[in-house]
Amino acid sequence: MGNIKVVLNRAGVRELLRSPEMMDICAGYANNALGRLGAGYEVTTQTGKNRVNAQVAAIWKQTRAANSRDNTILKALRG
């Protein structure tokens with residue numbers, strides 16, 4: 001076998017990482033975790049400089065304490 005060199009199209013990769021389709025994928029993972037968590041959590045999504053981001057955050061005092069103590073968000077993401 002010969003050596004194969006792969007060169008990525010950086011602009012194309014950046015476009016893919018910032019696409020609405022990628023936002024839907026990230027939001028889907030976050031919303032699945034939100035379904036496991038219940039009330040007191042919220043999902044936010046945004047497009048950053050290089051890629052899209054989805055965030056699950058505890059918004060109530062009780063859920064922030066539970067997440068701090070038990071890592072509930074991380075466990076829900078691992079699902």
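Contact here means heavy atoms within 4.5 Å. In this predicted model, Cys26 makes such contacts with Val52 and Ala54, once residues up to four places away in sequence are set aside. Cys26 belongs to helix 2. With a relative accessibility of 23%, Cys26 is classed as partly exposed, because the buried class requires a value under 20%. The C-alpha atoms of Cys26 and Gln55 are 8.9 Å apart, although 29 residues separate the two along the chain.

The overall fold was examined next. The chain contains 4 helices and 2 strands. Their order along the sequence is α-α-β-β-α-α. The radius of gyration is 17 Å, whereas the globule rule gives 12 Å for 79 residues. The computed value is well over the rule, so the chain is more spread out than a compact globule. The C-alpha trace spans about 55 × 30 × 20 Å along its principal axes. Of the 79 residues, 23% are buried. The exposed surface of the chain comes to about 6,300 Å². Carbon and sulfur atoms supply 51% of that area. Among contacts with a separation of 6 or more, 44% join residues 24 or more positions apart.

Nonpolar packing comes next. In soluble globular proteins, nonpolar side chains tend to be buried together. The largest nonpolar core of this model has 8 residues: Ala30, Ala33, Leu37, Tyr41, Val56, Ala58, Ile73 and Ala76. At least two residues of this core come from each of helix 2 (20-37), strand 2 (52-58) and helix 4 (72-78). Helix 2 makes the greatest contribution to the core, with 3 residues. Leu37 is one of the core members. Its contacts, leaving aside neighbours within four places in sequence, are Val56, Thr72, Ile73 and Ala76. Of these partners, Val56, Ile73 and Ala76 also belong to the core.

Thr72, another partner of Leu37, lies in helix 4. Its relative accessible area is 19%, and Thr72 is therefore buried. The cut-off for this class is under 20%. Beyond its neighbours within four places in sequence, Thr72 is in contact with Leu37, Tyr41, Ala66 and Asn67. Both Leu37 and Tyr41 are residues of the largest nonpolar core.

A second threonine, Thr63, is found in helix 3 (residues 61-70). Thr63 has a relative accessibility of 8% and so counts as buried. Its contacts include Ala39, Gly40, Tyr41 and Ala58, with residues up to four places away in sequence not counted. Two of these names, Tyr41 and Ala58, recur in the list of core residues. Polar atoms of the Thr63 side chain also approach the backbone. The backbone oxygen of Trp60 lies 2.9 Å from a polar atom of this side chain. The backbone oxygen of Gly40 is likewise 2.9 Å from a polar atom of the Thr63 side chain. Thr63 and Gly40 are 23 residues apart along the chain, yet their C-alpha atoms are separated by 5.9 Å.

Charged and loop residues around the end of helix 3 complete the description. The count of salt bridges is 1. Asp70 pairs with Arg69 in a salt bridge, and the closest N and O atoms are 3.3 Å apart. Asp70 has a relative accessible area of 32% and is partly exposed. Arg69, at 59%, is exposed. Asn71 sits in the loop between helix 3 and helix 4. Phi of Asn71 is near 55°, a positive value in a residue other than glycine. The relative accessibility of Asn71 is 42%, which places this residue in the partly exposed class.

Methods. Residues are numbered from 1 along each chain as its sequence is written. This is a predicted model: local features need pLDDT of at least 70, side-chain atom pairs count only at pLDDT 80 or more; totals for chains, interfaces and linings use all residues. Side-chain values use heavy atoms; hydrogens and water are left out. Buried means under 20% relative accessible area, exposed over 50%, partly exposed in between (1.4 Å probe, protein chains only). A polar contact is a pair of N or O atoms within 3.5 Å; within protein, one must be able to donate a hydrogen and the other to accept it, and residues adjacent in sequence count only if both atoms are side-chain atoms. A nonpolar core is a set of buried Ala, Val, Leu, Ile, Met, Phe, Trp, Tyr and Cys residues joined through side-chain atoms within 4.5 Å. The radius of gyration is taken over C-alpha atoms; the globule rule is 2.2 Å times the number of residues to the power 0.38. Accessible areas come from the Shrake-Rupley method with a 1.4 Å probe; for residues, only the protein chains shown count as cover. A salt bridge is a side-chain nitrogen of Lys or Arg within 4 Å of a carboxyl oxygen of Asp or Glu.
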